[in-house]
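User: I am in my first year and would like a close look at the charged side chains of this model, followed by whatever helps me place them. Please take it slowly and explain each step.

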Amino acid sequence: MAAALTTAAYARRAALAVAAVALAGGAVAFSRTLVGVFYDDGLYAGIAAALASGQGYVHPHLPGTPAVIHYPPLYPLLLAPLFGALSVDGAAIAAKLLNVLLAACGAALIAWHATRTNLLGETAPRWLAPACVGAAALAIPVLTVQSVLFAEPLFGDLLALAVILADSPPPSTRWPPATAAVMAGTAAALALLTRTIGVAVGAGIVLFLMVRRVPLTRVLLAAAPVVLAAAAWGVWTAMHRSGIDPAMAINYGSLSEVVQQSGFAAFGSRAPDLARPLGVITLGWVPVRPLYYLFSAAGLAVWLYGFRVILQRSAIGLSLLGYLAILAVWPFYPDRFLWAVLPWVALVWAAGAVACYHRLPRWRLPLAILVGVMLVGYGLFQVRGALGRWWGTQQAQISANFTELLPWVSTLPDDVVLATDDEALVWLYTHRTAVPFYVYGYRGAEETHPTPADHRAYLERMRVTHILFSGFGGGSDEELDALIGAYPGWLTMVHGWSGGRAVFQVTRDH
């Protein structure tokens, strides 16, 4: 009992220490940039504002305010009171602070659970699990994600709660097993209603309980909330999918739209990219390509061995495998999704390294070299990122750009319809109806773009009156050039800024 109490006390101290580290990192990376610089954060904020004003679960910046079917509702619901009670700037600050707190809470939960359950194995030093979680919480990409209004911190908390309740509920709860199963399923269901990929969490927990051979009743109790949440969200998206124009279906439509466009040809298209972001932050400093690939292969082998170990100990094993499987078949780059689960990724790798060290003594020296190389790489990446403030560079550039453009845009009549990049950002600060100018789709794993005729037809369906070209890059410049070349005289520049930025007015009946 004394040993158990000591472990429990150590786990609590570790959780507090990791929370403090995460809070410090979040404070350093905190920014007051405009909401919407990373696109999704502007959409979340706009939806929250619509909820707060009583419009419902809609996109208030789009013509006709169609229902939201791309983003599950939990995170916008969390933000709604802030955007209802405060100005946009005030709500943005409060919401960013909330994200920092959520991220710290998630890191603390993971560190506490991994320590109290000896997730890395009985032979692992007790400090190793919280050290892995703390290092992941300070990763530059993680700080970037939590410094804007993304749903990842909330998703991370719910994922941690679901895993904790499925693995081993805290003794203080004194819940019967059936109650713990329901609560685990409920946490997984809420994760799904935060990010649709949370379906992997629900499936992983249910499968883990089955592998543990718990009574079927408990398995069904855990599965029920997940099934209900998935069904409810599926019905909602099916009922409202017709409100989204096909040209913007990739960014605004349901996830089934992506499947329909990409089809089976995209399956596995992003699998090679799964390890790339992790290699960048740990092995990017290795200058010789053959050595980089050698260390990458060795690191991947340890990671896979870690899954073999973790699958027997925790629901996170199957949940994370399902999560990664979805990323492997999705046509988008997986980077942001990986940063959302980086603490768990680090723990799985550490579990594999510990197991290799004790079970494969002949490989201890190569393992030590690999660990050393990865630690040096991660340290160099972090130092360079901290000195360059990488978490805020792109945000600051986009924010400064729109800070210059928005005052003039606000002088346009209230009834204009703008086609622009970062359309939700434009609406939040000018309340001018705005649609995406840059549109694209998929044919298999290949990204496709509209012909000038299709693009013009889409803009006319949206009754666009002006096009705001906010800067070069991202594909908007190419699509704008194609329209100007195909339809001379259809667009007239009415205002310009340095660097080619401009507002064009659409000439009707031309």
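Which residue forms a salt bridge with R432, and how far apart are the closest N and O atoms?

Analyst: Please keep in mind throughout that this is a predicted model. The partner of R432 is D414, and the closest N and O atoms of this salt bridge are 3.4 Å apart. D414 lies in the loop between α19 and β1 (417-420), while R432 lies in the loop between α20 (423-430) and β2 (433-436), so the salt bridge ties together parts that are 18 residues apart in sequence. The two ends differ in their surroundings, because D414, at 63% relative accessibility, is over the 50% cut-off and counts as exposed, whereas R432, at 9%, is under the 20% cut-off and therefore counts as buried.

This pair belongs to a wider set, since the count for the model comes to eight salt bridges. Another of them joins the side chains of D40 and R336, with 2.8 Å from N to O. Here the link is between distant parts of the chain, with D40 in helix α2 (residues 40-52) and R336 in helix α16 (residues 335-340), 296 residues apart. D40 has a relative accessibility of 14% and so counts as buried, and R336, at 18%, counts as buried too.

R336 also meets a second acidic partner, E152, in a salt bridge of 2.8 Å from N to O. Because R336 lies in helix α16 and E152 in helix α7, this pair ties together parts that are 184 residues apart in sequence. E152 is buried, as is R336. Through shared partners, salt bridges join D40, E152, R195 and R336 into one network.

A useful contrast is D157, which is placed in helix α7 (residues 152-167). D157 is buried yet has no salt bridge, and the nearest side chain of opposite charge, R195, is 13 Å away. That distance does not meet the definition, because a salt bridge needs a side-chain nitrogen of Lys or Arg within 4 Å of a carboxyl oxygen of Asp or Glu. What D157 does touch, leaving aside residues up to four places away in sequence, is L102, C105, G106 and L109.

To place these charges among the helices, it helps to look at how some of the helices pack. The axes of helix α18 (residues 364-388) and helix α19 (residues 390-409) come within 6 Å and cross at roughly 40 degrees, which makes α18 oblique to α19. In this contact F381, R384, G385, A386 and G388 of α18 meet W390, W391 and T393 of α19, and by class the residues are four nonpolar, three polar and one charged.

Helix α18 also packs against helix α13 (residues 276-283), at an angle of about 85 degrees and with the axes 6 Å apart, which makes α13 roughly perpendicular to α18. On the α13 side the residues are V280, I281, T282 and L283, and they meet V373, M374, G377, Y378 and F381 in α18. The residues of this contact divide into seven nonpolar, two polar and no charged. F381 takes part in the contact with α19 and also in the contact with α13.

Finally, A24 sits in helix α1 (residues 2-29) and is partly exposed, with a relative accessible area of 41%. A24 and L138 are 114 residues apart in sequence, and their C-alpha atoms are 8.8 Å apart in space.

Notes. Residues are numbered from 1 along each chain as its sequence is written. This is a predicted model: local features need pLDDT of at least 70, side-chain atom pairs count only at pLDDT 80 or more; totals for chains, interfaces and linings use all residues. Side-chain values use heavy atoms; hydrogens and water are left out. Axes are lines fitted to C-alpha atoms, for helices over the stretch in contact, and angles run from 0 to 180 degrees between N-to-C directions. Helices (H or I, at least four residues) and strands (E, at least two) are DSSP runs, numbered from the N terminus. Angles under 35 degrees count as roughly parallel, over 145 as roughly antiparallel, 65 to 115 as roughly perpendicular and the rest as oblique. Contact means heavy atoms within 4.5 Å. Ala, Val, Leu, Ile, Met, Phe, Trp, Tyr, Cys and Pro count as nonpolar, Asp, Glu, Lys and Arg as charged, and the others, Gly among them, as polar. Buried means under 20% relative accessible area, exposed over 50%, partly exposed in between (1.4 Å probe, protein chains only). Lys and Arg count as positive and Asp and Glu as negative; His and the chain ends are not counted.
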